[in-house]
Amino acid sequence: MLVKRLKSVALVASAAVIAVTCFAIPNNAFAQGSAALSIVPRKNYTIEAGKTINDTLTIRNQDREQALNLTLRVVDFSYTDDSGVPKLMMDEDAPQTTWSLKSFLDIPQTVTIEPNSSQTIDMSLSVPEGHGAGGYYSAIVYSSAGADGGNVGLSASGVTLVFANIPGEVKENLELKKLGAYRDANTPTGGEYAYFHSNMPLRLAYTLKNEGNVPESPVGSITLKPLIGEEITIQDINPTSSLALIGQERTFVTCIKLKGQDSESTSRAEAASCVDPGLWPGYYKVSMTAYYGQNGNRTQDLVGTGGFWYLPWWFILIVTLVLAFVGYHVWRIVRYIRQKRGGVQLKKKTSLKKK
C-alpha cells in the first residue's frame with residue numbers, strides 16, 4: 001500500500017512537469033503526394049548491365065473537378081540527416097551523384113490527367129554495357145501547374161524514389177555506431193539516445209554508417225535483458241524495410257512493444273504505435289543480432305551491445321526513503337551501542353576510583 005501511494009503522488013507531480021515541458025513535433029517530413037495526386041512512392045529494380053526494364057507508372061488525380069497537369073523530372077537525392085528524410089537536389093546545375101540513375105531513366109516530360117481518373121504512363125530503365133555493380137537511385141518529381149501558370153510547391157506535388165541494384169561484386173560495409181534506448185522525438189530535446197530514463201522508454205534505436213556502395217536494409221532482432229526478470233525480444237528491427245543510403249549514418253528506431261502485438265488482428269496504424277512495455281526499474285542490457293547483404297554476396301553480420309537505466313521518480317523517491325529509514329535506524333543502533341559502551345566504561349572507571 002505504501003509503495004502504491006508513493007507511486008501515485010510521484011506520478012501526479014511529474015505529470016504536472018511533463019505537461020508543461022513536453023510538446024509534439026510533426027512527423028510528416030516527406031510528402032509522397034498532394035491531396036489531388038496519388039502516386040507510387042517507391043520503385044525497386046534489379047537489372048544487369050546492358051539490359052533494359054520497361055515498366056509503368058500509374059498516376060491518379062483525386063480532384064473531382066479539375067484536370068491535373070503534371071511536369072515530370074528526374075533528380076538525384078541524398079540524405080538530410082540520420083533520419084530517413086531524402087534530400088532532393090532540385091537545382092538544374094546540381095552535380096550528378098556517383099549513384100545517379102538520371103541518365104538511365106526515360107519518362108514523359110508532361111502528362112495531363114482528367115478529374116477523378118488515373119493514367120498509366122510508360123517508363124524504362126536502361127543500364128549501359130559494362131557498368132559497374134552496386135546500388136543506384138534517383139527520384140521522379142511530379143510538379144503540378146498552379147492557377148497562375150506557375151508550379152506549386154513540392155509538398156503539394158509528389159515524388160517516386162527509384163532504386164536499382166546491378167548484380168556483381170559490390171562493397172558492402174555497415175558499421176554499428178550506437179545502440180540503446182531512444183527518447184521520443186516529441187520531447188523538448190527531440191529524438192535522442194539516453195542512458196538514464198525517468199519516464200518509461202518506449203523505443204530502442206540503432207545507428208548504422210553505410211561505408212559501402214549499395215543501399216542496405218538490415219534485418220534481425222534485438223534482445224532487452226533486465227538484471228531481474230524475463231528477456232524481451234524484438235523480432236523485426238526494420239519492419240518498413242528502411243534503407244541506409246550510400247555514405248549515410250542512419251538511425252533506425254523500433255518499438256519495444258507494439259500496440260496490438262498480443263492480438264492476432266493488428267491494423268497498420270497499430271503496427272506503428274508504441275505502447276507501455278511494462279518495464280521494471282533497473283538496468284537493461286541491449287543486444288542486437290542482425291545481418292545484411294544482397295546481389296548474392298556473402299551475408300554480413302551486425303552484432304553489438306548497449307544498455308540503459310530506467311529509474312522513475314517514484315522509484316528514486318522510494319529508494320531514498322528506504323535508505324533514509326535504514327540509515328536512521330542504523331544510526332540509532334550505533335548510537336545505542338556507543339551509549340552502552342560508554343556506560344560500561346563509566347562504571348569501570350567509577351569502580352576503580354572507589355578501590
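How many helices and strands are there in the protein? This predicted model has three helices and 20 strands.

**Overall figures**

The protein has 355 residues, and buried residues make up 35% of them. Its accessible surface comes to about 21,200 Å². Carbon and sulfur atoms hold 53% of that surface. Contacts with a separation of 6 or more were also sorted by distance along the chain. Of these, 69% join residues 24 or more positions apart.

**Nonpolar cores**

In soluble globular proteins, nonpolar side chains tend to be buried together. Here the largest nonpolar core has 39 residues. The residues with the most contacts inside this core are Ile59, Leu70, Phe77, Leu101, Leu125, Ile140 and Tyr142. Six elements give two or more residues to it: strand 3 (52-61), strand 4 (68-75), strand 8 (110-113), strand 9 (117-126), strand 10 (134-144) and strand 11 (158-166). A second core of 22 residues is separate and includes Leu204, Phe252, Ile256 and Phe308.

Ile59 shows the contacts of one core residue. Leaving aside residues up to four places away in sequence, Ile59 touches Leu37, Ser38, Ile39, Leu70, Val111, Ile113, Ser117, Ser118, Gln119, Ile121 and Tyr142.

**An open five-stranded sheet**

One open sheet has five strands in the order 14-20-19-16-17. Its pairing is mixed. Which strands stand at the edges? They are strand 14 (196-197) and strand 17 (232-234). Each has a single partner strand, so one side of each lacks a neighbour in the sheet.

Strand 20 (residues 300-310) pairs with strand 14 in the parallel sense, over two bridges. Strand 20 also pairs with strand 19 (residues 282-292), in the antiparallel sense and over eleven bridges. The table gives residue partners in strand 20.

| Residue | Partner in strand 20 |
|---|---|
| Phe196 | Trp309 |
| His197 | Tyr310 |
| Val286 | Gly306 |

**A nonpolar patch on the surface**

Some nonpolar side chains lie on the surface. Val322, Phe325, Val326, Val330 and Val334 make a nonpolar patch of about 420 Å². Phe325 belongs to helix 3 (residues 313-354). Is Phe325 buried or exposed? Phe325 has a relative accessible area of 54%, so it counts as exposed, the cut-off being over 50%.

Notes: Residues are numbered from 1 along each chain as its sequence is written. This is a predicted model: local features need pLDDT of at least 70, side-chain atom pairs count only at pLDDT 80 or more; totals for chains, interfaces and linings use all residues. Side-chain values use heavy atoms; hydrogens and water are left out. Patches are made of residues with over 30% relative accessible area and no salt bridge: like charges are joined within 9 Å, nonpolar side chains (Val, Leu, Ile, Met, Phe, Trp, Tyr) within 5 Å. Accessible areas come from the Shrake-Rupley method with a 1.4 Å probe; for residues, only the protein chains shown count as cover. A salt bridge is a side-chain nitrogen of Lys or Arg within 4 Å of a carboxyl oxygen of Asp or Glu. Helices (H or I, at least four residues) and strands (E, at least two) are DSSP runs, numbered from the N terminus. Buried means under 20% relative accessible area, exposed over 50%, partly exposed in between (1.4 Å probe, protein chains only). Contact means heavy atoms within 4.5 Å. Two strands pair if DSSP finds at least two bridges between them. A nonpolar core is a set of buried Ala, Val, Leu, Ile, Met, Phe, Trp, Tyr and Cys residues joined through side-chain atoms within 4.5 Å.
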